[in-house]
Structure formats: C-alpha cells, structure tokens
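Got the viewer open? Here's a short tour that tells you what to select at each stop and what you'll find there.

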Amino acid sequence: MAIVILQHADETGVERLGRTLRDYGHRLRFIHLHHGESLPPDLDDVDAVISCGGPQSVADGQPDWLEDEAAYLRVAHEAE
C-alpha cells in the first residue's frame, strides 16, 4: 500500500518526511496539485493521505484543484 502525499507548492519541503517514511518501508506517491496532476480515482492501494501546506491564501482566490482535494480528503476520512 502507498501513502499519497498531496503537494501544493514546490517549496513544501517534504523531502525529510519522505525519507523517513521510506526508511520505515512505506511506498510513497507524490501528487503535485499545483502543477495540475490528478488525484487518484479511488483509495485502492492507498494506506494514508498527507495533505501539505502551501503559500496559497484566501486573498488570492481558491485554486481550481482545492474543491477536488477537499472531496478526496472527505472520502479518505470516511474510509478511515
């Protein structure tokens, strides 16, 4: 199973987290939402989801991908 890491900016800084998770035997799948990459269509083969922060601000308006990410996180939360 994989851990899906949702990134919102190139400077998120998940390298250390990624190394640590890999050291513990986890398989990682990085998704760069800010570059237009798609969310997985389902939670098959997903063990966990990590949503990273980013420089986005409510003053800048809502990114196109934010609603899809929120829906994906709700589904993941409901699936525990």
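**Stop 1: a buried acid**

Start by selecting Glu69, which sits in helix 2, residues 66-79. Keep in mind that you're looking at a predicted model. Is Glu69 buried or exposed? Glu69 is buried, and yet has no salt bridge. Arg74, the nearest side chain of opposite charge, is 10 Å away, while a salt bridge needs a side-chain nitrogen within 4 Å of a carboxyl oxygen. Now show what surrounds Glu69: leaving aside neighbours within four places in sequence, its contacts are Leu6, His8, Leu33, Leu39 and Ser51.

**Stop 2: the sheet**

Switch to cartoon and pick out the strands. They form an open sheet of three, in the order 2-1-3, with parallel pairing. At the edges are strand 2 (27-32) and strand 3 (46-51), each pairing on one side only. On average, neighbouring strands are turned by 20° against each other, direction ignored.

Next, select strand 1, residues 2-7, along with strand 2: six bridges join this parallel pair. To see one matched position, click Gln7, which stands opposite His32 in strand 2.

**Stop 3: the helices on the sheet**

Add helix 1, residues 15-23. Helix 1 lies across strand 1, strand 2 and strand 3, and runs at about 155° to strand 2. Helix 2 packs on the sheet too, touching strand 1 and strand 3, with its direction at about 135° to that of strand 3.

**Stop 4: the salt bridge**

How many salt bridges are there? The count comes to one. Select Arg27 and Asp45: their closest N and O atoms are 2.5 Å apart. Arg27 belongs to strand 2 and Asp45 to the loop between strand 2 and strand 3, so the pair ties together parts 18 residues apart in sequence. Turn on a surface and check both partners: Arg27 is partly exposed at 43% relative accessible area, and Asp45 is also partly exposed, at 41%.

**Stop 5: the nonpolar cores**

Nonpolar side chains in soluble globular proteins tend to be buried together. Which residues make up the largest nonpolar core here? Select these seven: Val4, Leu6, Ile31, Leu33, Val46, Trp65 and Tyr72. Zoom in on Val46, which, apart from neighbours within four places in sequence, is in contact with Met1, Ala2, Val4 and Tyr72. Then colour the second, separate core; it has six residues, among them Ile3, Ile5, Val14 and Leu21.

Key. Residues numbered from 1 in each chain as written. Predicted model: local features only at pLDDT ≥ 70, side-chain atom pairs only at ≥ 80, totals over all residues. Heavy atoms only, no water. Helix = DSSP H or I, 4+ residues; strand = E, 2+ residues; numbered from the N terminus. Buried < 20%, exposed > 50% of the residue type's maximum accessible area, 1.4 Å probe, protein only. Lys, Arg positive; Asp, Glu negative; His and termini not counted. Contact = heavy atoms within 4.5 Å. Pairing = 2+ DSSP bridges. Axes fitted to C-alpha atoms, helices over the stretch in contact; angles between N-to-C directions. Core = buried A, V, L, I, M, F, W, Y, C linked by side-chain atoms within 4.5 Å.
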